[in-house]
Amino acid sequence: MINTTRTPPEFGDPNDVLFSRIADDIRTKGYSVNPEALPENLGEKLYQLLGSMAKKQAFNKSSIGRDQQLIQKGTVRGDETCWITDESAAGREWLGWMHDLQVFLNRRLFLGLFSFESHFSHYRAGGFYKRHLDAFQGEDNRVLSTVLYLNHNWESKHGGELILFNGKQDLEGINVKPNFGTVVLFLSEEFPHEVVATHNDRYSVAGWFCLNTSTSKKIDPPS
Ligand code: OGA
Ligand code: MN
C-alpha cells in the first residue's frame, strides 16, 4: 500500500534541495545568495530571541580582531553583537540547522569544516561596516562566512546593503538587500565585503564555519 502522507525517499531531507544549491554555488562561484531560505518559523524564532536578548541588554559594542589586536569599533564598524548559544530553543535550532549544513558541505565538497560560531548584529541608523575580510590576520581558521537577515519590509531607501566583492581587485561588487530570511554564504578569505550605512535598525545573524586549528598549545573547541 502506498502511504501518501510520507515524502517519497527520492525527495529525502527537505534541506537537500537548498543545501545542494548552496554547495554548487560555493563550488562554482565561491558565494551563494538564498532568499527565503530558512526552515519554517526559524526566522521568527530567532527574531524573538534577538528581541529578548536586546531586552536583557546582552548586546555589546563590537571590536575588530582578537586578543591584543582588539581595535575598538567606531571607525570600521558600527554594530552591536550578541553571541548565539544553545541555551535557548531558537539558538539550538539555528546551530543545529547550520550543523546539518556543515555535515552536508563536508560530504559534498570535502571542506573539512570543524565548528561554527554565530552572533546577532544590530546596526542602528547610521551604522555601517567598512570593507573587510572575515578571516583574521595571522589566523586562517574562518573559511566560510554566513549572514542571515532578519528585517521585515526592508525598503531600498533604508540602505544597509551588503556588498560582496569577488576578490581584492573587484571594486563594483554584488549588492544584497538585507531582507528577512535571506541567507548569504561566501568563502571568508576570498570575498572582501562591506555593509553600507543603514538608515534604519538593521538586524542580521553573522556566522563562520571554521577549520580545526588546534595545536599542542591551544585546543579548539569541538561543536
Ligand atoms: C560581519 C559582516 C555583514 C552583514 O559581521 O562580519 O560582514 O551584512 N556582516 O551584516
Ligand atoms: Mn564580515
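This passage describes the ligand and metal sites, the aromatic pairs and two loop residues of a predicted model.

Ligand 1 is surrounded by 13 residues, of which D134, Y149, H193, R202 and S204 come nearest. Three side chains place polar atoms at short listed distances from oxygen atoms of the ligand. For Y149, the distance from a side-chain N or O atom to an oxygen atom of ligand 1 is 2.5 Å. The corresponding value for H193 is 2.9 Å, and a polar side-chain atom of H132 lies 3.2 Å from an oxygen atom of ligand 1. The ligand taken alone exposes 290 Å², and 98% of that area is buried by the protein. Two or more residues of the shell are given by each of strand 7 (129-132), strand 8 (142-149), strand 12 (193-195) and strand 13 (202-210). Strand 13 supplies the largest share, with four residues. By residue type, the shell around ligand 1 consists of eight nonpolar, three polar and two charged residues.

Ligand 2 is a manganese ion, coordinated by NE2 of H132, OD of D134 and NE2 of H193 at 2.1 to 2.2 Å. Along the chain these donors follow the spacing H-x1-D-x58-H. H132 and D134 are both buried. Two of the metal donors also appear in the description of ligand 1: the side chain of H132 has a polar atom 3.2 Å from a ligand oxygen, and that of H193 has an N or O atom 2.9 Å from one. The remaining donor, D134, is among the residues that come nearest to ligand 1.

The aromatic side chains were examined next. The model contains nine aromatic pairs. One of them joins Y47 and Y203 in an edge-to-face arrangement, with 6.4 Å between the centres and 85 degrees between the planes. This pair links distant parts of the chain, since Y47 belongs to helix 2 (residues 42-55) and Y203 to strand 13, 156 residues apart. The two partners fall into separate accessibility classes. Y47 has a relative accessibility of 32% and therefore counts as partly exposed, whereas Y203 is buried because its relative accessible area is 18%, and buried means under 20%.

A second pair is formed by W94 and F116. Their ring centres are 6.3 Å apart and their planes meet at 65 degrees, so this pair is edge-to-face, the class for angles over 60 degrees. Distant parts of the chain are again linked: W94 lies in helix 3 (residues 89-109) and F116 in strand 6 (residues 115-123), 22 residues apart. Both W94 and F116 are buried. These two residues also belong to one aromatic cluster, together with F19, W97, F104 and F209.

Backbone geometry draws attention to two residues in the loop between strand 1 (31-34) and helix 2, namely E36 and N41. E36 is not a glycine, yet has a positive phi of about 45 degrees. N41, likewise not a glycine, has a positive phi of about 70 degrees. Their accessibility was also computed. The relative accessible area of E36 is 70%, so this residue is exposed, the class for values over 50%. N41, at 48% relative accessibility, counts as partly exposed because this value lies between the limits of 20% and 50%.

Conventions: Residues are numbered from 1 along each chain as its sequence is written. Chains are lettered from A and ligands numbered from 1 in the order in which they are written. This is a predicted model: local features need pLDDT of at least 70, side-chain atom pairs count only at pLDDT 80 or more; totals for chains, interfaces and linings use all residues. Side-chain values use heavy atoms; hydrogens and water are left out. A residue is near a molecule or strand if one of its heavy atoms lies within 4 Å of it. A polar contact is a pair of N or O atoms within 3.5 Å; within protein, one must be able to donate a hydrogen and the other to accept it, and residues adjacent in sequence count only if both atoms are side-chain atoms. Accessible areas come from the Shrake-Rupley method with a 1.4 Å probe; for residues, only the protein chains shown count as cover. Ala, Val, Leu, Ile, Met, Phe, Trp, Tyr, Cys and Pro count as nonpolar, Asp, Glu, Lys and Arg as charged, and the others, Gly among them, as polar. Donors are N, O and S atoms within 2.8 Å of the metal (3.2 Å for Na, K and Ca); water is not among the atoms, so sites may look incomplete. Buried means under 20% relative accessible area, exposed over 50%, partly exposed in between (1.4 Å probe, protein chains only). Rings of Phe, Tyr and Trp (its six-membered ring) pair if their centres lie within 6.5 Å; planes under 30 degrees apart count as stacked, over 60 as edge-to-face and the rest as tilted.
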